[in-house]
Amino acid sequence: MAIPSTVILGTGSYTPKRVLTNDELSKQVETSDEWIRTRSGIRERRIAGPGESTSDMAVFAAQAALADAGLTAADIDLLVVATVTPDLPLPATACIIQHKLGVPSHAACFDLNAACSGFIYGLDTACAMLSSGRYRKALVIGAEKLSSIVDWKERTTCVLFGDGAGAVVVGCSEEPNVGLLGTKLGAYGDSVELLWIPKGGSNSPATAESIAAGDHFMKMKGKEVFKLAVRAMDEAARDILEQHSIHPDQIGLVIPHQANLRIIEAISKYLNLPMDRFFVNVDRYGNTSAASVPLALDEARKAGRIKKGDYTLLVAFGAGLTYGSALIRW
Ligand code: UT7
């Protein structure tokens with residue numbers, strides 16, 4: 001029996017109402033709107049409200065994706081949540097979202113941590129599980145409350161990140177050569193310390209000293225990460241296109257991870273594909289890690305930038321250091 005195609009049936013996203021501008025940040029740390037804009041392309045980011053959790057944002061995004069797909073939570077039997085900012089260390093945020101959304105108890109629910117590449121990892125995982133024939137409809141969510149792990153006194157990181165969520169509903173189709181055509185996933189585990197939270201895990205549980213030192217906040221060696229991000233995203237993009245004998249020019253739209261406009265511009269140059277084929281919203285949301293790709297995908301679809309028959313390329317890079325690309329035909 002032929003393996004069915006796995007297709008995106010609906011998309012949704014959510015961002016918190018609170019807008020934090022560069023000018024506001026420049027009153028908190030030694031920075032400026034000019035520095036942030038020219039180095040990263042970010043103008044503003046969204047910050048979750050008091051009491052607003054990763055799961056709350058995920059639920060709004062998932063409800064929008066279900067409505068877009070014409071389905072309800074009762075139809076879902078697989079729930080994959082990509083996040084580095086779970087509501088709690090235990091249990092999985094997927095189970096909290098399951099309860100809030102009303103996804104039935106026969107559904108498999110789990111979290112996945114591949115940082116900013118997490119949504120592409122999650123999409124690949126869900127599609128493989130659907131292809132097995134043992135699941136029918138999946139929700140794949142990328143959701144982050146990065147404001148909870150950012151050191152708001154550290155200018156090298158606090159200006160870059162924001163909160164939000166994006167979601168897709170995935171199902172099977174008999175139509176050949178549509179949906180997720182393939183992925184390329186990988187990781188450089190030798191570079192863990194370039195982007196990490198050094199303390200607070202099982203290896204070194206939080207102590208009064210580690211908290212006082214701010215070691216439970218995200219740390220990043222930006223320049224090194226930048227170089228690796230460009231190289232890995234370019235290679236992951238080329239790899240998946242070559243696997244499917246697709247020329248970059250055949251791609252209708254690239255949805256890159258939104259970490260830095262200069263990274264996106266570099267990939268545009270290396271792939272020799274103009275910037276108008278890249279969806280960009282980093283200016284409005286900053287880097288929302290696992291939420292970045294599904295949030296951009298939803299905005300691109302709703303803006304009419306993706307049509308039936310188009311090829312879309314997703315590509316991301318993040319802590320781990322992980323990378324991933326995915327080729328979709330609509
Ligand atoms: O999502 C996972 C993937 N993450 C990424 O891809 C992020 C990758 N990295 C980047 O996007 C960029 O490296 C940054 C935006 C983080 C930094 O840009 P950069 O051009 O690499 O700047 P830099 O780190 O080399 O810093 C240049 C200067 C430094 O001062 P000196 O040493 O030249 O005197 C920094 O101390 O800018 C200073 N600086 C700042 N100045 C004003 C660093 N942060 C700030 C700031 N405001 N917020």
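## Nonpolar core

In this predicted model, the largest nonpolar core is made up of 45 residues, and those with the most contacts inside it are Ile251, Val254, Ile263, Phe278, Phe317 and Leu327. Two or more residues of this core are given by each of H8, strand E11 (251-256), H9, E12 and strand E13 (322-329), and the largest share, 10 residues, comes from H8. At least three residues of this core are drawn from each of domain 1 (5-177) and domain 2 (180-329).

## Ligand shell

The ligand is surrounded by 23 residues, of which Thr31, Arg39, Lys223, Asn260 and Asn287 are the closest. By class, the residues of this shell divide into 11 nonpolar, 7 polar and 5 charged. Because domain 1 (5-177) and domain 2 (180-329) both give residues to the shell, the ligand lies between them.

Three of the closest residues also appear in contacts between polar atoms. A polar side-chain atom of Thr31 lies 2.6 Å from a nitrogen atom of the ligand, while an N or O atom in the side chain of Lys223 is 2.8 Å from a ligand oxygen atom, and an N or O atom in the side chain of Asn287 is 2.6 Å from an oxygen atom of the ligand. Of the 950 Å² of accessible area that the ligand has on its own, the protein covers 74%. The elements that give two or more residues to the shell are helix H2 (33-40), helix H6 (155-158), helix H8 (222-243), helix H9 (261-271) and strand E12 (311-318); the largest share, 4 residues, comes from H8.

## Cis peptide bonds

The peptide bond from Leu90 to Pro91 is cis, with omega near 5 degrees, and Pro91 is placed in the loop between strand E4 (78-82) and helix H4 (93-101). A cis peptide bond also joins Gly320 and Leu321, where omega is about -5 degrees; Leu321 lies in the loop between E12 and E13, two strands that each give two or more residues to the nonpolar core described above.

## Positive phi values

Asn177, a residue other than glycine, has a positive phi near 60 degrees and is found in the loop between strand E7 (163-173) and strand E8 (179-187). Asn177 counts as partly exposed because its relative accessibility is 47%.

Ser245, likewise not a glycine, has a positive phi near 50 degrees, and its place is in the loop between H8 and E11. With a relative accessible area of 66%, which lies over the 50% cut-off, Ser245 is therefore exposed.

How values were computed: Residues numbered from 1 in each chain as written. Predicted model: local features only at pLDDT ≥ 70, side-chain atom pairs only at ≥ 80, totals over all residues. Heavy atoms only, no water. Near = heavy atom within 4 Å. Polar contact = N/O pair within 3.5 Å; in protein donor to acceptor, adjacent residues only side chain to side chain. Areas by Shrake-Rupley, 256 points an atom, 1.4 Å probe, with all protein chains shown as cover. Nonpolar A, V, L, I, M, F, W, Y, C, P; charged D, E, K, R; others polar. Domains from an automatic or database assignment. Core = buried A, V, L, I, M, F, W, Y, C linked by side-chain atoms within 4.5 Å. Buried < 20%, exposed > 50% of the residue type's maximum accessible area, 1.4 Å probe, protein only.
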